[in-house]
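User: I'm new to this one. Can you walk me through it?

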Amino acid sequence: MRSRVSSLPFFRGISPDTLFQIFLGSIAVLSVLVLAALLLRELIVGAMPALSAYGVEFLFSAEWNPVLSEFGALPFIYGTIVSSLLALLIGVPLSLGIAVFLTEIAPAKVRAVLSPVIELLAAIPSVIIGLWGIFVLAPFVREHIAPLLMEHLGFLPLFRGPAYGYSVLTAGIVLAIMITPIISSVSREALLAVPRLQKEGALALGATRFEAVTGVVLPYARGAIFGAVMLGLGRAIGETMAVTMVIGNSPQLFTSLLHPGYTMAAVIANEFTEATDDIYLAALIEIGLVLFAISMVVNIIARAITWRYLRVQGGS
Amino acid sequence: MESKIEVVELNAGFGSTHVLKNISMSIPRNRVTAIIGPSGCGKSTFVRCLNRIHELVPGAWVRGKVLLDGKNIYDSDVDPVDIRRRVGMVFQKPNPFPAMSIFDNIAYGPKIHGMKKGLERIVEDSLRKAALWDEVKHRLKDSPVSLSGGQQQRLCIARALAVEPEVILFDEPCSALDPVATAKIEDLILELRENYTIVIVTHNMQQAARIADYTAFFLMGELIEYGETAQIFENPRDKRTEDYITGRFG
């Protein structure tokens with residue numbers, strides 16, 4: 001009878017299944033690690049001139065003047081964070097509303113039509129959304145939304161005029177539209193995965209459907225919903241084209257959302273071709289490094305929290 | 001015997017499937033009434049019609065009357081949410097809310113009905129009535145996920161008791177539990193009988209024989225025979241009942 005263990009000298013005594021697992025496992029781990037390491041190395045090497053010239057100061061300086069070789073990343077980091085959070089502020093309630101409507105309220109026929117349509121929104125190239133932002137949204141913000149905000153909330157520095165069409169607010173709205181399909185479709189999956197007994201358990205206590213959904217169904221799915229929100233945040237942080245078309249591309253520490261700003265991804269895309277001297281190029285690459293780091297951190301946090309929730313729920 | 005629920009020519013189903021056919025029966029107050037029958041005979045659908053949970057499934061329909069204290073719960077002026085508070089339900093599988101603590105699981109019902117004060121008292125009372133207080137009193141802040149299956153089911157009973165229902169429906173409450181946990185739930189049901197009207201669906205005939213005052217035998221959506229438990233098990237009048245309880249089918 002043939003032995004089911006390897007006869008190769010080095011692998012003697014190891015079963016073929018184990019060998020197969022080791023083989024596939026090393027390919028998977030190595031390829032991912034090597035790719036990430038190569039990318040990181042490339043960014044660090046490219047950013048080295050800026051890293052050694054400006055040090056940590058790079059992250060906290062608000063000066064961005066390529067002519068004088070003054071480079072500070074703060075306006076871009078700030079612009080990325082504010083526009084992304086604004087996108088979440090608008091996009092998350094919208095997405096949850098859509099997800100709850102599709103799972104709890106919409107009749108089966110409406111659901112069958114609407115769900116793919118919403119997911120299709122994610123397939124629109126971002127440059128097209130950017131064009132729509134330029135021709136439709138930016139003028140609309142300048143002429144309707146901004147005056148309304150200034151009139152009613154103008155006492156807040158956040159909504160101080162004058163109103164520009166190309167503004168952080170416009171970018172936030174565009175980003176919200178872009179992250180809504182992913183957040184709503186993942187949240188919808190999460191809500192569909194909530195056992196029917198959970199909702200019935202609440203209803204059997206005399207809860208209304210609204211109370212059952214907000215008090216029991218949504219909290220049950222909160223881990224997966226949080227993961228969906230983080231996916232959206234990741235997309236918002238990295239989104240380049242649509243944002244750069246509507247945010248105004250002005251490296252300043254704005255206080256009013258009605259004013260223009262700039263993001264990390266946008267400045268890299270916009271100024272890469274202009275970066276003729278080494279230190280300028282290195283500064284842009286260092287911004288890329290920061291963007292890479294922030295995206296990684298967001299994703300790691302998202303994974304960790306989703307995993308924790310999933311583990312808690314796994315026992316029920 | 002005074003009746004708490006009077007079911008009159010109840011028909012129910014899903015879409016074109018006719019599950020319950022002309023059920024009429026009277027469920028006595030402060031007694032345990034068991035519904036037995038083979039899988040798919042409509043016993044779960046029957047109890048789900050008694051608290052208007054059945055109609056929440058897409059395509060579900062109900063015809064006929066269910067009188068609770070003489071008032072038809074399917075009348076157009078009746079709020080199903082109010083009926084579900086008065087007629088509580090414990091499900092086949094324990095379904096504690098995992099996102100809430102043990103305390104909040106019990107307090108959830110009273111809270112949605114507008115109660116803000118005295119929640120500690122209600123939680124303790126409900127847990128005591130469900131014979132769970134001593135096991136969880138030091139861990140009320142914990143997640144219910146850490147409890148055993150039997151404890152989770154008693155938590156669900158406590159949760160149902162917290163909204164002060166008049167009737168409690170048990171839909172095969174022990175089907176996911178081991179014999180020891182099952183015995184505890186059965187003891188509990190016998191105690192609750194003092195203050196509540198209880199309807200229990202079970203596929204376990206010994207269970208019906210142990211705890212039910214009255215037993216109804218369902219087959220293919222029809223009520224075949226209904227009477228005192230001893231009579232049903234010792235002296236069934238219908239041949240089909242006899243076949244079922246002697247284990248010839250099902």
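Analyst: Let's start with a term. On a 1 Å grid over the protein atoms alone, a cavity is a set of points where a 1.4 Å probe fits but cannot get out. A pocket is an open set with protein on both sides within 12 Å along at least five of seven lines, and lining residues have an atom within 4 Å of a point. Grid points are joined across faces, edges and corners, and a volume is the space filled by probe spheres set on the points.

User: What volume does the largest cavity have?

Analyst: About 40 Å³. The structure holds 2 cavities of 30 Å³ or more.

User: Any ground rules?

Analyst: This is a predicted model: local features need pLDDT of at least 70, side-chain atom pairs count only at pLDDT 80 or more, and totals for chains, interfaces and linings use all residues. Residues are numbered from 1 along each chain as its sequence is written, chains are lettered from A and ligands numbered from 1 in the order in which they are written, and side-chain values use heavy atoms, with hydrogens and water left out.

User: Back to the largest cavity. Which residues line it?

Analyst: From chain A, A:Gly201, A:Ala204 and A:Leu205. From chain B, B:Met89, B:Phe91, B:Asn95, B:Cys156, B:Arg159 and B:Ala160. Helix α6 (residues 149-161) of chain B gives the largest share, 3 residues. Helices (H or I, at least four residues) and strands (E, at least two) are DSSP runs, numbered from the N terminus.

User: How does that lining split by class?

Analyst: 6 nonpolar, 2 polar and 1 charged. Ala, Val, Leu, Ile, Met, Phe, Trp, Tyr, Cys and Pro count as nonpolar, Asp, Glu, Lys and Arg as charged, and the others, Gly among them, as polar.

User: And what lines the second largest cavity?

Analyst: A:Ile98, A:Leu102, A:Ser115, A:Ile118, A:Glu119, A:Ser184, A:Ser185 and A:Arg188. Helices α3, α4 and α6 of chain A each give two or more residues to that lining. The volume of this cavity is about 30 Å³.

User: Switching to pockets. What volume does the largest one have?

Analyst: About 540 Å³. Its lining has 20 residues, and the closest to its centre are A:Thr103, A:Glu104, A:Lys199, B:Leu56 and B:Pro58. By class, the lining has 13 nonpolar, 1 polar and 6 charged residues.

User: Which helix gives the most to that lining?

Analyst: α7(A), with 4 residues. In chain A, α3 (74-105), α4 (108-121), α6 (168-192), α7 and α8 each supply at least two.

User: Now the two chains. How many residues are in contact?

Analyst: 23 residues of chain A are in contact with 26 of chain B. Contact means heavy atoms within 4.5 Å.

User: How much area do the chains bury?

Analyst: About 2000 Å² between them, 67% of it on carbon and sulfur atoms. A:Leu197, A:Ala204 and A:Leu205 supply 32% of what chain A buries against chain B, more than any other three residues. Buried area is the accessible area (1.4 Å probe) that two parts lose on being put together, summed over both.

User: How many salt bridges between chain A and chain B?

Analyst: The count is 1. A:Glu200 and B:Arg48 meet there through their side chains (2.6 Å, N to O). B:Arg48 lies in helix α1 (residues 43-50) of chain B and A:Glu200 in helix α7 of chain A, so the pair joins two chains. A salt bridge is a side-chain nitrogen of Lys or Arg within 4 Å of a carboxyl oxygen of Asp or Glu.

User: And in the whole structure, how many?

Analyst: A search over all chains finds 27 salt bridges.

User: Which element gives the most to the side of chain A that touches chain B?

Analyst: α7(A), with 7 residues. That side divides into 11 nonpolar, 8 polar and 4 charged residues.

User: Last one. How many helices and strands in chain A?

Analyst: 12 helices and 2 strands. Its C-alpha atoms fill a box of roughly 85 × 65 × 30 Å along the principal axes.
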